[in-house]
Every structure is written in structure tokens, then in C-alpha cells.
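This report walks through one protein model, from a single residue out to the whole chain. The sequence and structure come first.

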Amino acid sequence: MSIEDYWPQLSSETREWLIAHNGEPVPADVASAINGAADLLDPSAAQRRAITPGLALSDEDVDWIEAVANDEDPTGS
């Protein structure tokens, strides 16, 4: 599961933090929000891909957020 899957489930505050701090280690509250959103979509996948506080998102997720922040098509189409 990637960020684009659960992005719509995140609060605007969480999305704004991710855009403003893209590529930085994720604090506990943001990790919790991401894990909660992923769990809503697929509880079994959330356990396999839980975001750990203090770690950065994957390069693919960082690139996707950057595209969204720049008003670009994040799918590259």
C-alpha cells in the first residue's frame, strides 16, 4: 500500500505536515495518523507496512507527495 492509497483518509493537517516536511523523519502523531488510515483501508496490510515514528517514508511516497505539493500529476501520466 502506498501513500496515494490512504492520502484521502488523512486529515488536512497531516497532509499539510507531510508536504511541508517531505522526506523528514515522521513524528509519532503523523505515523499514527498514517497507520490508522492504512488500517481503515486494509487491516492486514497496515500491519505489514506500519510507519515507525522517527523513520522517513519510502522514496516512492516522498516523490508522490512532492508531485502533489507541486500540483503535478503524481502518477506521472
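## A buried loop residue

Leu-10 counts as buried, because its relative accessibility is 3%, and the cut-off for buried is under 20%. The model is a predicted one. Leu-10 does not sit in a helix element; its place is the loop between α1 and α2.

What does Leu-10 touch, once residues up to four places away in sequence are set aside? The partners are Ile-3, Arg-15, Leu-18, Ala-33, Ile-34 and Ala-37. One of these, Ala-37, lies 27 residues away along the chain, yet the two C-alpha atoms are separated by 6.3 Å.

## The core around it

Leu-10 also belongs to the largest nonpolar core, which has 16 residues. Leu-10 is among those with the most contacts inside this core, together with Ile-3, Tyr-6, Leu-18, Ile-34 and Leu-57. Three elements give two or more residues each: α1 (3-6), α3 (28-41) and α5 (59-69). Which element supplies the largest share of the core? That is α3, with 5 residues.

## Helix α3

The helix α3 has 14 residues. From first C-alpha to last, α3 reaches 20 Å, close to the 20 Å expected at 1.5 Å a residue.

The buried residues of α3 are Val-30, Ala-31, Ile-34, Ala-37 and Ala-38. They cover an arc of only 130 degrees around the axis, so they lie on the same side of α3. The spacing fits a general rule: an α-helix has 3.6 residues a turn, so residues three or four places apart point the same way. On the other side of α3, Asp-29 and Leu-40 are exposed.

## Thr-14 in α2

Thr-14 lies in helix α2, residues 12-20. Is this residue, Thr-14, buried or exposed? Thr-14 counts as buried, because its relative accessibility is 10%. Its side chain makes a polar contact with the side chain of Ser-11, at 3.0 Å. Leaving aside neighbours within four places in sequence, Thr-14 is in contact with Val-30 and Ala-33. Val-30 is one of the buried residues of α3. Ala-33 is also on the list of residues that Leu-10 touches.

The two buried residues compare as follows.

| Residue | Place | Relative accessibility |
|---|---|---|
| Leu-10 | loop between α1 and α2 | 3% |
| Thr-14 | helix α2 (residues 12-20) | 10% |

## Helix α5

In α5, the buried residues are Asp-61, Val-62, Trp-64, Ile-65 and Ala-67. Against which elements do the buried residues of α5 pack? They pack against α1 and α2. Just after α5, Asp-71 takes a positive phi of about 55 degrees.

## The chain as a whole

The protein chain has 5 helices and 0 strands. From the N terminus on, its elements run α-α-α-α-α. Buried residues make up 27% of the 77 residues.

Contacts across the sequence can be put in figures too. Among contacts with a separation of 6 or more, residues 24 or more positions apart account for 59%. The pair Leu-10 and Ala-37, 27 residues apart, gives an example of such a separation.

The accessible surface of the protein chain comes to about 4,600 Å². Carbon and sulfur atoms hold 48% of that surface.

Terms used. Residues numbered from 1 in each chain as written. Predicted model: local features only at pLDDT ≥ 70, side-chain atom pairs only at ≥ 80, totals over all residues. Heavy atoms only, no water. Core = buried A, V, L, I, M, F, W, Y, C linked by side-chain atoms within 4.5 Å. Buried < 20%, exposed > 50% of the residue type's maximum accessible area, 1.4 Å probe, protein only. Helix = DSSP H or I, 4+ residues; strand = E, 2+ residues; numbered from the N terminus. Contact = heavy atoms within 4.5 Å. Polar contact = N/O pair within 3.5 Å; in protein donor to acceptor, adjacent residues only side chain to side chain. Expected span 1.5 Å × (residues − 1). Arc of directions from axis to C-beta. Areas by Shrake-Rupley, 256 points an atom, 1.4 Å probe, with all protein chains shown as cover.
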